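This report describes selected features of a protein model, from annotated regions to side-chain contacts. The sequence and structure are shown first.

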Amino acid sequence: MSARVLVGVKRVIDYAVKIRVRPDHTGVVTDGVKHSMNPFCEIAVEEAVRLKEKKLVKEIVAVSCGPQQVQETIRTALAMGADRGIHVEVSGKDYDALGPLQVSKIMAALAKKEEADLIILGKQAIDDDCNQTGQMTAALLDWPQGTFASELTLEGGMLKVVREIDGGLETIKIKMPAVVTADLRLNTPRYATLPNIMKAKKKKIANVKPADLGVDVTSRLEVLKVDEPPQRQAGVKVETVEDLVVKLKEAGRI
Amino acid sequence: MAATRALVRGVRLGTYSIGRSCSLIFNRVQRRGISACIDPSIGLTDEQKEFQKVAFDFAANEMAPHMAEWDQKEMFPVEAMRKAAQLGFGGIYVNPDVGGSGLSRLDTSIIFEALSTGCVSTTAYISIHNMCAWMIDTFGNEEQREKYCPDLCSMQKFASYCLTEPGSGSDAASLITSAKLQGDHYVLNGSKAFISGGGDTDVYVVMCRTGGKGPKGISCLVVEKGTPGLSFGKKEKKVGWNSQPTRAVIFEDCAVPVTNRLGAEGEGFSIAMKGLNGGRINIASCSLGAAHASVLLARDHMCVRKQFGETLSNSQFLQFKLAEMATKLVASRLLVRQAALALQEGRPDAVSLCSMAKLFVTDECFSICNQALQIHGGYGYLKDYAVQQYVRDIRVHQILEGTNEVMRMIIARSLLTES
């Protein structure tokens with residue numbers, strides 16, 4: 001199969017870091033904080049590499065949108081097995097305001113430009129938890145989507161996707177080209193090997209601006225305030241079930 | 001806040017205003033090294049950060065969960081090490097044409113430092129294995145390299161390094177294991193002591209006497225397990241380094257083909273000394289990893305443990321103690337990395353710097369781990385807590401690869417021969 005896969009990878013604050021809110025409440029502290037690839041994006045890259053190893057896919061292109069630093073994230077994808085990278089340069093205020101709508105427009109434009117047959121994304125990013133980019137990209141391209149994928153197989157030119165839904169597992173068959181978003185149990189990402197990390201240095205990362213793709217990255221959203229979650233209050237002990245019901249009614253919960 | 005970070009519900013208010021108490025609700029002990037001023041990735045190239053990340057992830061996922069079990073059950077973790085070898089950790093500074101990763105000494109130091117946070121004992125063995133593979137790669141001829149290096153780099157076979165004897169430790173050049181030439185074989189007689197991996201490993205790099213007294217009479221032979229006349233002593237019971245077996249290696253009329261000799265006759269001691277320079281950086285790097293993990297453990301404990309109505313992190317004495325530990329850690333790290341650079345660039349001060357690094361770092365890091373144990377109070381003494389294993393495991397780093405006393409000899413000699 002001569003399929004080309006586009007994999008989106010996002011650079012986020014590392015999952016193990018303790019988040020601190022900026023003193024001016026406009027966002028979280030990102031300067032000097034350890035960043036790494038979004039864990040769901042790692043799973044997406046791993047799935048693409050497995051498809052390539054099964055010879056179902058010919059080329060994997062890793063894409064990331066952001067300032068210069070996202071090249072680290074693209075290099076990690078290259079070290080895991082992607083063939084080349086595309087860095088969509090977005091920086092400053094545009095980057096702070098970059099959200100799923102803008103990214104999905106960029107992914108859609110790139111999918112057309114690169115003639116991709118499959119887009120694999122993480123189901124959501126661990127910083128904003130939006131869970132929108134995959135779905136929006138599919139809508140913009142008018143492609144079928146297999147979101148929350150926990151299993152992905154190619155069957156007779158169609159994609160069979162087992163999706164994790166609230167009620168259990170749903171299996172769907174969709175035609176390519178399609179968008180798939182990776183859920184936690186899709187696979188366990190491999191470690192990059194030392195030789196692959198060194199080979200990744202030689203793989204190309206192309207630089208592109210959103211304007212070159214005809215995409216306007218202005219945001220329609222404005223962040224008003226960012227706060228820490230409220231401190232957890234101590235609970236109250238009650239003696240009987242009647243007391244419990246009274247307290248719940250008082251708190252307006254029932 | 002993000003769904004996958006549900007475990008971290010509180011936000012530590014004002015990390016730098018130590019007057020207020022830390023409102024940590026739940027904290028997973030992260031040995032991935034994320035703490036601004038002691039972050040081990042500071043100053044590294046992007047590629048080195050990638051190497052370090054793989055090593056840290058491997059250590060956290062494949063080694064740390066088993067570190068206590070490997071220690072208590074004295075298990076040689078063959079499977080875990082082979083997984084590490086698949087990532088390229090079997091021959092980190094061995095030539096790629098025989099299966100190695102071809103990285104620099106500094107890259108190697110960074111990798112062992114990160115791996116060590118997962119298990120010092122196993123990482124130290126991996127570093128010894130790497131040194132043996134490098135010796136064969138560097139001083140062996142084509143046949144020897146082709147024969148041994150690929151299997152060593154993939155850890156299909158494991159290696160041990162045999163220099164020390166019951167009668168010659170620091171005075172290594174006085175070794176007496178003899179290798180008498182008989183036709184196309186050397187016949188070995190003697191024994192080696194304290195050999196890491198001895199009995200469980202397949203390839204033994206042995207320093208033995210082919211000529212007269214002193215260093216010039218020593219040659220280096222590769223002996224394979226199963227060779228008639230090669231046997232092993234009992235497995236030693238040790239305070240630490242329990243994930244690697246330590247045994248005496250005994251030669252009784254053990255015939256080894258002349259083609260197994262690395263380099264020329266009489267070059268053995270020089271090979272040994274060159275190997276030890278790198279070995280010293282590696283052992284120091286292992287100490288660094290343990291110290292780093294211990295500082296994080298101590299800090300986390302201080303933020304949780306309360307006495308006299310407040311967390312330990314409010315005690316100025318302990319804050320100062322932690323600061324001193326962190327400062328010594330960073331100073332140690334800088335010295336090791338500088339020594340690694342000097343070695344890979346072939347600088348004239350490389351030998352002295354490697355000795356200084358080994359001396360300073362193993363001593364300081366043991367002190368750091370020891371203080372971390374103290375900060376844990378009674379809990380630090382329990383085997384349920386990792387800090388005691390770091391202390392026990394790195395204690396021996398002040399002894400092997402040349403005792404810290406021998407390091408002082410080397411440095412003093414370097415200073416005094418100038419005047």
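Helices, of at least four residues, and strands, of at least two, are taken here as DSSP runs numbered from the N terminus. The model is a predicted one.

**Annotated regions**

Two domain annotations from unreviewed UniProt entries can be set beside the secondary structure. In chain A, the record assigns "domain: Electron transfer flavoprotein alpha/beta-subunit N-terminal" to residues 25-217. In chain B, it lists "domain: Acyl-CoA oxidase/dehydrogenase middle" for residues 161-254. The computed composition of each stretch is tabulated below.

| Region | Helix | Strand | Distance between end C-alpha atoms |
|---|---|---|---|
| Chain A, residues 25-217 | 32% | 30% | 23 Å |
| Chain B, residues 161-254 | 0% | 48% | 17 Å |

An unreviewed UniProt entry also annotates B:E401 as "active site". B:E401 is located in the loop that runs between helix 10 (387-395) and helix 11 (404-416) of chain B. Its relative accessible area is 13%, so B:E401 is classed as buried, the limit being under 20%.

**Helix packing in chain B**

Helix 5 (residues 120-139) of chain B packs against helix 6 (residues 142-153) of chain B, with an angle of about 160 degrees and an axis separation of 9 Å. Because angles over 145 degrees count as roughly antiparallel, helix 5 of chain B is roughly antiparallel to helix 6 of chain B. The crossing of helix 5 and helix 6 of chain B is left-handed.

**Aromatic rings**

A pair of aromatic rings is described by the distance of the centres and the angle of the planes. With centres required to lie within 6.5 Å, the count over all chains is 9 aromatic pairs. In one of them, the ring centres of B:F58 and B:F89 are 6.2 Å apart and the planes stand at 80 degrees; the pair is therefore edge-to-face, the class for angles over 60 degrees. This pair joins distant parts of the chain, 31 residues apart: B:F58 belongs to helix 1 (residues 46-63) of chain B, and B:F89 to the loop between helix 3 (78-86) and helix 4 (105-116) of chain B. B:F58 is buried at a relative accessible area of 1%, and B:F89 is buried at 0%. Ring pairs also bring A:Y191 into a cluster with B:F58 and B:F89.

**Charges over rings**

Two arginine contacts in chain B complete the description. The charged end of B:R105 is placed over the ring of B:W134, 4.8 Å from the ring centre. B:R395 lies over the face of B:F366, where the distance to the ring centre is 5.6 Å.

How values were computed:
Residues numbered from 1 in each chain as written. Chains lettered and ligands numbered in written order. Predicted model: local features only at pLDDT ≥ 70, side-chain atom pairs only at ≥ 80, totals over all residues. Heavy atoms only, no water. Phe/Tyr/Trp six-rings, centres within 6.5 Å; stacked < 30°, edge-to-face > 60°. Buried < 20%, exposed > 50% of the residue type's maximum accessible area, 1.4 Å probe, protein only. Lys NZ or Arg CZ within 6 Å of the ring centre and 35° of its normal. UniProt positions renumbered as here; feature names shortened; annotations may be inferred. Axes fitted to C-alpha atoms, helices over the stretch in contact; angles between N-to-C directions. Parallel < 35°, antiparallel > 145°, perpendicular 65-115°, else oblique. Left-handed = near helix turned anticlockwise from the far one by under 90°.
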